[in-house]
Amino acid sequence: MEIIYRPPGNYFNTTRLNLRRIRRVIKATSLQEATKMGLFDKIFDKFLRNGGKRKRIIELYQQLTEPDSCESSENTPIKMASKFNKLREIANEDYKHDFQIAIHQDMEQPDRWSYSFSIEKHLIYQSELLDYRYENNFNELCALKIGNDFENDFDECKEHLSQENFIASRIQTMSDNKSVIEKIHKELDNPNYAKDKLLGLFDAENSDDIFFVHFKSDLPELSRHVLELSNRGNENGEFRGSLLKKAIQESHYKNLRELCSHGFMTKDDSLLVYFSTPHKFNLINYIGKDNLGNVQHILRNKKVGNTNLCELFKLDLPERVS
């Protein structure tokens with residue numbers, strides 16, 4: 001098996017690297033070790049490739065190791081995983097899901113664990129058995145794995161997490177009255193429901209579960225446009241109650257479509273939160289709920305739209321010092 005490495009900004013200058021070379025670059029603790037080639041390969045590269053292969057290996061090694069915050073030359077689990085993830089990041093988009101981190105736990109030896117990397121089910125690296133001294137590396141490695149798993153699933157399902165689907169899901173919770181829901185769908189692009197036409201929000205006289213929002217009308221026969229909206233709770237991010245009121249009063253929108261788009265691909269995107277929840281529980285299954293605070297920095301680096309996994313997992317706990 002080979003992967004094609006293409007330097008950033010240079011579409012046509014590609015180098016094929018086989019599994020043995022990839023393993024060497026990932027495991028290398030020095031540039032000399034990463035670029036080591038046999039005599040025939042050196043001659044072939046020098047005279048027929050003008051040193052191209054060695055140059056690409058150097059570029060790849062530098063991308064995988066810089067910036068390197070770890071001063072030690074020891075290949076710790078998190079350092080190895082960071083190298084592997086950098087390799088994953090520069091791979092062709094269509095093949096990123098083939099880069100897998102696996103965590104191995106033996107129920108007969110609960111204080112021991114190991115990890116491995118694979119590309120397209122080909123084993124690239126298998127660690128030795130590790131013990132409790134690498135406890136936080138275990139937590140961080142699991143967070144990296146979950147982040148990759150989330151990204152893979154997101155890439156496969158992102159068409160279902162589109163802005164149109166987001167808007168539709170928000171409209172569905174804005175009112176408990178089907179006729180109002182139909183009306184909102186119909187009036188999505190009507191400029192009469194813009195922020196600058198807002199007259200105010202009004203409580204219902206006979207129910208705490210609804211409220212009314214009034215917009216100024218430009219029609220001579222109609223003084224105002226009125227929507228009956230839900231005032232129920234929004235514990236799971238439903239677009240109603242206090243969340244909806246805040247959006248109506250504080251956000252800027254030219255129509256209902258823009259109002260309903262508020263929060264798309266942010267921590268307030270209920271579809272995105274719902275989609276990320278199984279991955280959060282998978283992480284908890286690995287490291288336990290009490291250790292989530294130790295991996296916030298890993299999850300913050302996994303960007304999703306205008307948010308990140310740390311926000312989607314609702315990890316607002318202070319980071320623990322290990």
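**A walk through the predicted model**

Strands β6 and β7 pair in the antiparallel sense over five bridges, and this pairing is a convenient place to enter the structure, which is a predicted model. The two strands form a hairpin, with six residues between them, and across this pairing L198 stands opposite F215 in β7. On its other flank, strand β7, which covers residues 210–216, pairs with β8, again in the antiparallel sense, over seven bridges. The residue F215 appears here as well, since its bridge partner in β8 is H225. F215 can therefore be followed in both directions, to L198 in one pairing and to H225 in the other.

Taken together, these strands make up an open sheet of three strands in the order β6-β7-β8, with antiparallel pairing. The strands β6 (198–203) and β8 (224–230) stand at the edges, and because each has a single partner strand, one side of each is left without a neighbour in the sheet. From one strand to the next, the twist of this sheet averages 20°. In a regular strand the side chains alternate between the two faces of the sheet. Helix α9, formed by residues 241–250, lies across β6, β7 and β8, and it runs at about 160° to β6.

A second sheet is found earlier in the chain, where three strands form an open sheet in the order β3-β4-β5, and here too the pairing is antiparallel. Its edge strands are β3 (99–106) and β5 (122–126), each of which pairs on one side only. Neighbouring strands of this sheet are turned by 30° against each other on average, when direction is ignored. Strand β4, which spans residues 109–119, pairs with β5 in the antiparallel sense over four bridges, and within that pairing I119 stands opposite H122 in β5. This sheet also has a helix lying across it: α5, made of residues 77–89, lies across β3, β4 and β5 and runs at about 25° to β4.

Between the stretches that hold these two sheets, the reader can turn to a pair of helices. Helix α7 (residues 163–174) and helix α8 (residues 178–186) pack at an angle of about 145°, and their axes are 8 Å apart. The crossing in which α7 passes α8 is right-handed. In this packing, I171, Q172 and M174 in α7 meet I181, I184 and H185 in α8. The residues of the contact divide into four nonpolar, two polar and no charged.

Further along the chain, helix α11 contains S276, a residue that counts as buried because its relative accessibility is 1%, where the cut-off for a buried residue is under 20%. Leaving aside neighbours within four places in sequence, S276 is in contact with F150, L312 and F313. One of these, F313, lies 37 residues away from S276 along the chain, yet the C-alpha atoms of the two are separated by 7.2 Å.

Two residues deserve a separate look for their backbone angles. M265 has a positive phi of about 55° although it is not a glycine, and its place is in the loop between α10 (256–261) and α11 (270–287). K314 is likewise a residue other than glycine with a positive phi, near 55°, and it lies in the segment after α13 (309–312). Are these residues buried or exposed? M265 is buried, because its relative accessible area is 11%, under the 20% that sets the limit. K314, by contrast, is exposed, because its relative accessible area is 52%, which is over the limit of 50%.

Finally, the chain can be considered as a whole. Its secondary structure comes to 13 helices and ten strands, and buried residues make up 46% of its 322 residues. Among the contacts between residues at least 6 apart in sequence, 52% join residues at least 24 apart, and the contact of S276 with F313, two residues that are 37 apart along the chain, offers an example. The chain exposes about 18600 Å², of which carbon and sulfur atoms supply 49%.

Definitions and conventions: Residues are numbered from 1 along each chain as its sequence is written. This is a predicted model: local features need pLDDT of at least 70, side-chain atom pairs count only at pLDDT 80 or more; totals for chains, interfaces and linings use all residues. Side-chain values use heavy atoms; hydrogens and water are left out. Buried means under 20% relative accessible area, exposed over 50%, partly exposed in between (1.4 Å probe, protein chains only). Two strands pair if DSSP finds at least two bridges between them. Axes are lines fitted to C-alpha atoms, for helices over the stretch in contact, and angles run from 0 to 180 degrees between N-to-C directions. Contact means heavy atoms within 4.5 Å. Accessible areas come from the Shrake-Rupley method with a 1.4 Å probe; for residues, only the protein chains shown count as cover. A crossing is left-handed if the near helix is turned anticlockwise from the far one by less than a right angle, and right-handed if clockwise. Ala, Val, Leu, Ile, Met, Phe, Trp, Tyr, Cys and Pro count as nonpolar, Asp, Glu, Lys and Arg as charged, and the others, Gly among them, as polar.
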